[in-house]
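Visitor: I would like a close look at the aromatic rings of this protein, with each term explained as it comes up.

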Amino acid sequence: MRTAYKIRAVQMDLARQMETIPFIKEFIDFIAENHYNTLFLYLEWRVRTKTFDIGKNRGYSAAELMEITDYAAVRGIDVIPGLATLGHAEQILQRKKFASYSERREGIPGRFGKGLDHVFCPSLPETRRLLESYLTEVAAIFPKTSYLHVGGDEAYDFALCSKCRNVVRNFDEEQRLYLEHFKFIHSVVKKLGKRMMLWDDMFEYYQDILPEMPRDIIMVNWQYQNNVRSYLGHLCNLAFYDIFSMYDKLGFDYLTAPADFCWNNIATSTAHGDNYKPMGGLLTTWSKSTSLLYKSFPSIAAAGRLWSGISSDADGTMKSSMKQLFGIGDECFLNAVTQYAETACSMPAVSLKSLTSFAFLGPDKSYLASLLTMTSTLMQYPGKLKDVRAETVLADILSDCTLKILKERAKTACWKLFQGQRCESLGKILTEVENAGKKYMDFYTEHRRKMDVKSVEKMLKHWKTAILEVNSSLKNKGVLTVLFALPDGYGVELTKISVRSKGRMIPIADGCFKMGDEPFFEFNFFLPKNMKVEAVRVEASGFSGEGVAYVSAKTAKGTFVPSGITEVIGNVEHPEFILKPDVNYAFFGFHDALELFRNRAKSKVVNSIEISMKKLK
């Protein structure tokens, strides 16, 4: 048996999806039953105060939050607010009144292009006044807790504005600006009688300042891979190093913070932490705007019991937790729920991109088979569980499985269409999506505010639009196929693809092209039906580079393949590899993402190649 974590916390992502007060109370009861002692309310800027009031239907009043903390206290649950004091501040910065606090207020693009305007300028005195005022008001609403989480993560658009650049002349000074900002935030939190928590991912980039951070800060470490064995960089070529050992040596307390996406992420994060001295665990549950939280209850229950020291056997803890949650000990049922917990991930959104991009070796049919097996097993148990909550959890899991199955069927059918093979009718799949979607929306609205179902309606509309567009375009348009090669899926390279036809270069695609852990994957882009493809241009800039192994096109004018390289600009390794139909690839840009983060000028270099195309006879 392991020693119980001092902090056993689970998150509700109220910044991305508000929950009702009755549901939050129900959730508090649930986590108290499963040996948690902390609820982490990730709020960002949803706390309604005098400093910033996001609005009645978009935020929580002081009275509502105090009602939650009082209810939790009776059940032995501490409630910690999670705020955003640097990045993830789009909720406030998108307001005209506060736009001048933004790092991008001068119209400067972010590190990864346009995107959301979400990072505060740390060089403005008014930013400090705003943050201190807001922190003070929020701390007063949560008097019972000793902790305050201030965010700090994913602040990639940091130090971009002219005011910051006047004081940041090199990367060392950029690091120090980050340090000084959070030393200020720390001083405010300490003055309020709280202990500061901070996401630790930005120290991948600002490594040198870690020893100068105040030692009473609690570092919160998130690792979301299936098998956690060490710290892996989030945007640094998956750099791996022993950060927990570093924290132990430096004297920091820290939390391990896995996610509900995959039970093995939780289990292996915990096992990895057993070799060190974590203060506790925080189970994160992100982005639930299109999905309910019930489907995560199996993993949440098991994590709470695992962290309480009841057992050190993760798989055994999962099964015993399921028996307690559902009131059933049938081995087939328990195995099916465990299998689901390993593949829960996020809601299965479908877009044109997801139906036109594929692993080079095609869809993984084993995942669809797994979904079908677990669903057919779980379908035997509605009405047989111990209580209403258990039935609701199972209903949510089955709804999610149904939609995931439809996504996999749609993706497989589209892949076959691109290969010119017979496939399942997309029209039939779309009808099933519409029926399953309506059923899911009815279920969703039973447990959330009616206004919230708009996010599900939008998701399903994207499904329909994407399926119809693929079905129509494959009949009426041509296709440009690009075989990408990207061993490091954690890079953010912005790539533009254009086609020359009749002497004119026409933009075809612009974005970040990658596919999870797949090293080789194809993206298909639709072209005008009668286009004659004379050349293809690929341009890339950003972080970690991009590999392209081959390009080809098929239109009513014929099939077009590479015939030669007409131009290379910037850093493109082995451009000649793009001419052959194999997986050797030309590499655009630079391999070291951390170097590119430190050197902004280098990251902006546009590396390009123009490939002449010939028509196959």
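Visitor: Which residue lies over the face of Y71, and at what distance from the ring centre?

Guide: This is a predicted model, in which local features need pLDDT of at least 70 and side-chain atom pairs count only at pLDDT 80 or more, while totals for chains, interfaces and linings use all residues. Residues are numbered from 1 along each chain as its sequence is written, and side-chain values use heavy atoms, with hydrogens and water left out.

The residue over the face of Y71 is R75, at 3.5 Å from the ring centre; a charge sits over a ring if NZ of Lys or CZ of Arg is within 6 Å of the ring centre and within 35 degrees of the ring normal. R229 likewise has its charged end over a ring, that of F240, 5.3 Å from the centre.

Rings can also pair with each other: rings of Phe, Tyr and Trp (its six-membered ring) pair if their centres lie within 6.5 Å, and planes under 30 degrees apart count as stacked, over 60 as edge-to-face and the rest as tilted. By this rule there are 50 aromatic pairs. One of them joins F543 and F597, whose centres are 6.2 Å apart and whose planes meet at 45°, making the pair tilted. This pair links distant parts of the chain, since F543 is in strand β16 (residues 535–543) and F597 is in helix α17 (residues 593–598), 54 residues apart; strands (E, at least two residues) and helices (H or I, at least four) are DSSP runs, numbered from the N terminus. Both F543 and F597 are buried, meaning under 20% relative accessible area, whereas exposed is over 50% and partly exposed in between (1.4 Å probe, protein chains only). F543 and F597 also belong to one aromatic cluster, whose members include F112, Y156 and F203.
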